[in-house]
Amino acid sequence: MSVDPRLSINQATIKHADLATALRVTVAAGIQAIGLWREPVNDVGLDVAARMLADSGLRFTTHCRGGFFTLPDGPERVAALDDNRRAIEETATLAAAGAEGSTAVLVLVAGGLPEGSRDLLGARERVRDALGALAPDAEAAGVTLAIEPLHPMFASDRAVVSTLGQALDLAADFDPHVVGAAVDTFHIWWDPQVLDQIARAGREGRIATYQVCDWKTPLPADVLLSRHYPGDGVVDFGSLTRAVVDAGYDRDIEVEIFHADVWADDPARVVRRTAESFGAAVSPHLP
């Protein structure tokens, strides 16, 4: 089976694999790129992780994740911003260690409503403030902060940014190389404005990463674990992928799946099936 050269495995898809296993099975499947998560990187230490990534020969596509900065002023918010600064440093180090074509992109999940709060607009403004605090660090490190809008069902607990339009509005105050947006099919497929907003993101140079997986109902009790292999659900990968391509995005494309059955499967089998599903559902719409 030939593997699309633009496919990247987001490490969340094989969540229970340690970093060494994730790198090994990705290379073995003929996939050329990987997006990493902070926890398995920190399990081995950043310097060791960077060497492992360099030795693998894989491109590095994103680091997940930063964000969670909707908290009001206080020690917890200060700690969250400091943790994001560490994530920026990790992203820069890993991108430098990856193969040619690696991208220094830190995906940001904004965070939900602070406990006891109903002030959605205020929470979004604190996201804007956090971007302002972190932008100089990102620019100095050569890292792009990618705001990821999440499906509205996560607005209360994970992300007060629910649409690509909202993400672009937040990014508008900053240089596109410093703050962009993550386009994830699971989160934005439903949005009646999504094609126009993808085109806008292209005009503004803000598509930092394109991530794909599918949506299928009924959702499980834990809606976080409801992502499927591309082609197994209802997402129109044709229109979305063509829109992203037409918007000028020409980088790697990550598959990011959160699903209990996928996580319980053998990682080598998961990456092979990911490559097959990507080839069938996404590749036909790429130039």
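**Figure 1. Burial and overall dimensions of the chain in the predicted model.** Of the 287 residues of the chain, 56% count as buried (buried is under 20% relative accessible area, exposed is over 50% and partly exposed is in between, with a 1.4 Å probe and protein chains only). The model is predicted, so local features need pLDDT of at least 70 and side-chain atom pairs count only at pLDDT 80 or more, whereas totals for chains, interfaces and linings use all residues. Residues are numbered from 1 along each chain as its sequence is written, and side-chain values use heavy atoms, with hydrogens and water left out. The chain has 11 helices and 10 strands (DSSP runs numbered from the N terminus; helices are H or I with at least four residues, strands are E with at least two). The radius of gyration is 18 Å, which agrees with the value near 19 Å for a compact globule of 287 residues (taken over C-alpha atoms; the globule rule is 2.2 Å times the number of residues to the power 0.38). The C-alpha trace spans about 50 × 45 × 40 Å along its principal axes. About 11700 Å² of the chain is exposed, and carbon and sulfur atoms supply 51% of that area (Shrake-Rupley method with a 1.4 Å probe; for residues, only the protein chains shown count as cover). Among contacts between residues at least 6 apart in sequence, 81% join residues at least 24 apart (contact means heavy atoms within 4.5 Å).

**Figure 2. Strand β7 and its two neighbours, β6 and β10.** Strand β7 covers residues 207-212; six of the six are buried, so the strand is largely enclosed by the rest of the structure. Strand β6 (residues 179-184) pairs with β7 in the parallel sense over four bridges (two strands pair if DSSP finds at least two bridges between them). V183 has Y210 of β7 as its bridge partner. Strand β10 (residues 253-255) also pairs with β7 in the parallel sense, over three bridges. Here V212 has V255 of β10 as its bridge partner.

**Figure 3. Strand β2 beside β1.** Five of the five residues of β2 (residues 33-37) are buried, so this strand is largely enclosed by the rest of the structure. A33, G35 and W37 point one way from β2, while I34 and L36 point the other way, and all are buried. In a regular strand the side chains alternate between the two faces of the sheet. β1 and β2 run parallel and are joined by three bridges. I34 in β2 is the bridge partner of I9.

**Figure 4. Two residues of helix α7, T185 and I188.** T185 lies in α7 (residues 185-188) and is buried, with a relative accessible area of 0%. Leaving out residues up to four places away in sequence, T185 touches Y210, Q211, V212, C213, V235, F237 and L240. I188, also found in α7, is buried with a relative accessible area of 2%. With the same sequence exclusion, I188 touches P149, L164, V183, V194 and L240. I188 and D4 are 184 residues apart in sequence and 23 Å apart in space, C-alpha to C-alpha.

**Figure 5. Helix α9 and its ends.** F237, G238, L240, T241, A243 and V244 of α9 are buried. These buried residues pack against β6, α7, α8 (194-203), β7, β8 (214-215) and α11. D236 caps the N-terminal end of α9, with a side-chain oxygen 3.1 Å from the backbone nitrogen of G238. After α9 comes G248, whose phi is positive, near 100°.

**Figure 6. Helix α11 and the elements that cover it.** Helix α11 (residues 267-281) has 15 residues and reaches 21 Å from its first C-alpha to its last, close to the 21 Å expected at 1.5 Å a residue (the expected span is 1.5 Å times one less than the number of residues). Its buried residues are P267, V270, V271, T274, A275, S277, F278 and A281. An α-helix has 3.6 residues a turn, so residues three or four places apart point the same way. The cover over the buried residues of α11 includes β1 (7-10), α1 (19-28), β7, α9 (237-246), β10 and α10 (260-264).

**Figure 7. S56 in helix α3.** S56 is placed in α3 (residues 46-56). Its side chain reaches the backbone nitrogen of L58 at 3.1 Å. Apart from residues up to four places away in sequence, S56 touches L23 and V27.

Note on methods. A polar contact is a pair of N or O atoms within 3.5 Å; within protein, one must be able to donate a hydrogen and the other to accept it, and residues adjacent in sequence count only if both atoms are side-chain atoms.
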